[in-house]
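Please open the model in a viewer and keep the sequence panel visible. The tour proceeds by selection, and each stop states what is to be found there.

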Amino acid sequence: MKILITGNMGYVGPRVVNRLRNSYPNAKLIGYDMGYFGTCLTNASVLPESKLDMQYYGDVRDMPPELLYGVDAVVHLAAISNDPMGLKYEEVTFNVNYRSSIKLAEMAKEAGVRSFIFASSCSMYGESGEDVKTEASTLNPLTAYARSKVLTEEGLSQLVDDGFTVTCLRFATACGMSERLRLDLVLNDFVASAVATGTVQILSDGSPWRPLIHVNDMAKAIDWAIDRWPENGGAFLAVNAGSDTWNYRVIELAGMVADIIPGVTVSLNREAAPDKRSYRVSFERYKTLAPYYQPSYTLASTIEELADNLRQMAFKDAHFRNSKLMRLQMLNYLQETDEINSELEWQQKMQKVWAES
């Protein structure tokens, strides 16, 4: 088996690579990444890419079709990956997340790829109040990032046939430790704040709902999707990926962090405008389709894991929201140092060296 993973050098990618290497020890695993966050290693015992057979560096907007020859499955993680980046780079977000995804899927189908797995997002449900959202619920994307996911799903649904299966995993909000940790995610932010300052700082009023999923459980879902056949969910499947037990209000997450990490207090911004991005999500369909690939991490174990790893890193940065562990800050740094331009392209083009398949 030959599996291509785009965006493998981000937050989720290292855990996906590790999972797939264990599940498919004889498979040929290939990474393809722009390399923005390659240096953002966090408590990594080995370089994550060492578990690949080949790592390519390049822009998903300009991906050579020959990389898809002989590939059985594409795991498409590459994206402008959160709302702050989408706000600053809106058109780039649509080019990378939407247009390039459809182009990649078209090339994959043409090359004979059997399975295409797209990392989608529950953020497309937007503002939903107390209603629990299912895959049949009306979508209400509030940001460029969320809208790009909706458009991509719509485009991918038109490409399936008997030989090309598409699985869109609408992931809950990611959390947990990774070899390239991100702190611009709600639970990771709270734990980092607790470890560095002794206070969990809630920047909103704490009322929004958020479903969460550990990055290892995201990798588990991707593992399932690679071998999913059309008889299990259809040739095109968009499914919420997570667990019903992981729907929490933001203030509940903060309280759990304070309960688990000794001496931590919670600071709530009661004057903040309500965050409209609030959604509870049903993961019942995923439980039915993938009963042996269900999330196994708990909120408590994830908090403890994050805190332990941050302490091992001697993490004490009270101003971490301005650090390179925030993805937007890393892109800002690369622009300030004239490494990338306003389109997020490298100023000095990468030399493309392709290995024989």
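Begin by selecting Arg321 together with its surroundings: beyond the neighbours within four places in sequence, Arg321 is in contact with Asp189, Ser193, Gln201, Leu203, Met326 and Gln329. The model is a predicted one. Arg321 itself belongs to the loop that runs between α9 (299-312) and α10 (327-336). Display the side chains of Arg321 and Gln201, and a polar contact of 3.0 Å is seen to join them. Is Arg321 buried, partly exposed or exposed? Its relative accessibility is 22%, so Arg321 counts as partly exposed, given that the buried class ends under 20%. Next, add Leu183 to the selection and draw the C-alpha to C-alpha distance to Arg321: the two residues are 7.6 Å apart in space, although 138 residues separate them in sequence.

**Second stop: α5 and α7**

Select residues 186-197, which form helix α5, and residues 250-260, which form helix α7. The two helices pack at an angle of about 35°, and their axes are 10 Å apart. The crossing is right-handed. To see the contact, show Val186, Leu187, Phe190, Val191 and Ala194 on α5, and Val250, Leu253, Ala254 and Val257 on α7. What is the make-up of the residues of this contact, in nonpolar, polar and charged terms? Nine are nonpolar, with no polar and no charged residues in the contact of α5 with α7.

**Third stop: α3 and α4**

Move to helix α3 (residues 90-111) and helix α4 (residues 144-157), whose axes lie 9 Å apart at an angle of about 20°. Because angles under 35 degrees fall in that class, α3 is roughly parallel to α4. The crossing of α3 past α4 is right-handed. On α3, the residues to display are Glu90, Thr93, Phe94, Asn97, Tyr98, Ser101, Ile102 and Ala105; on α4, their partners in the contact are Ala144, Tyr145, Arg147, Ser148, Leu151, Thr152, Gly155 and Leu156. Coloured by class, the residues of this contact comprise eight nonpolar, six polar and two charged.

**Fourth stop: α1 and α6**

Now select α1 and helix α6 (residues 215-226), whose axes come within 9 Å and cross at roughly 50°. With that angle, α1 is oblique to α6. α1 passes α6 in a right-handed crossing. From α1, show Arg15, Val16, Arg19, Leu20 and Ser23, which meet Val215, Asn216, Ala219, Lys220, Ile222, Asp223 and Ile226 of α6. The residues of this contact divide into six nonpolar, two polar and four charged.

**Fifth stop: Asn8**

Asn8 is placed in the loop between β1 (2-6) and α1 (13-23). At 1% relative accessibility, Asn8 counts as buried. A polar atom of its side chain lies 3.1 Å from the backbone nitrogen of Tyr32. Which residues should be shown around Asn8, apart from neighbours within four places in sequence? They are Gly13, Pro14, Val17, Gly31, Tyr32, Asp33, Glu49, Leu52 and Gln55.

**Final stop: Thr165**

Select Thr165, a residue of strand β7 (residues 165-171). Its relative accessible area is 3%, so Thr165 is buried. Once neighbours within four places in sequence are set aside, Thr165 is in contact with Arg114, Ser115, Phe116, Arg228, Pro230, Gly234 and Ala235.

Conventions: Residues are numbered from 1 along each chain as its sequence is written. This is a predicted model: local features need pLDDT of at least 70, side-chain atom pairs count only at pLDDT 80 or more; totals for chains, interfaces and linings use all residues. Side-chain values use heavy atoms; hydrogens and water are left out. Helices (H or I, at least four residues) and strands (E, at least two) are DSSP runs, numbered from the N terminus. Buried means under 20% relative accessible area, exposed over 50%, partly exposed in between (1.4 Å probe, protein chains only). A polar contact is a pair of N or O atoms within 3.5 Å; within protein, one must be able to donate a hydrogen and the other to accept it, and residues adjacent in sequence count only if both atoms are side-chain atoms. Contact means heavy atoms within 4.5 Å. Axes are lines fitted to C-alpha atoms, for helices over the stretch in contact, and angles run from 0 to 180 degrees between N-to-C directions. Angles under 35 degrees count as roughly parallel, over 145 as roughly antiparallel, 65 to 115 as roughly perpendicular and the rest as oblique. A crossing is left-handed if the near helix is turned anticlockwise from the far one by less than a right angle, and right-handed if clockwise. Ala, Val, Leu, Ile, Met, Phe, Trp, Tyr, Cys and Pro count as nonpolar, Asp, Glu, Lys and Arg as charged, and the others, Gly among them, as polar.
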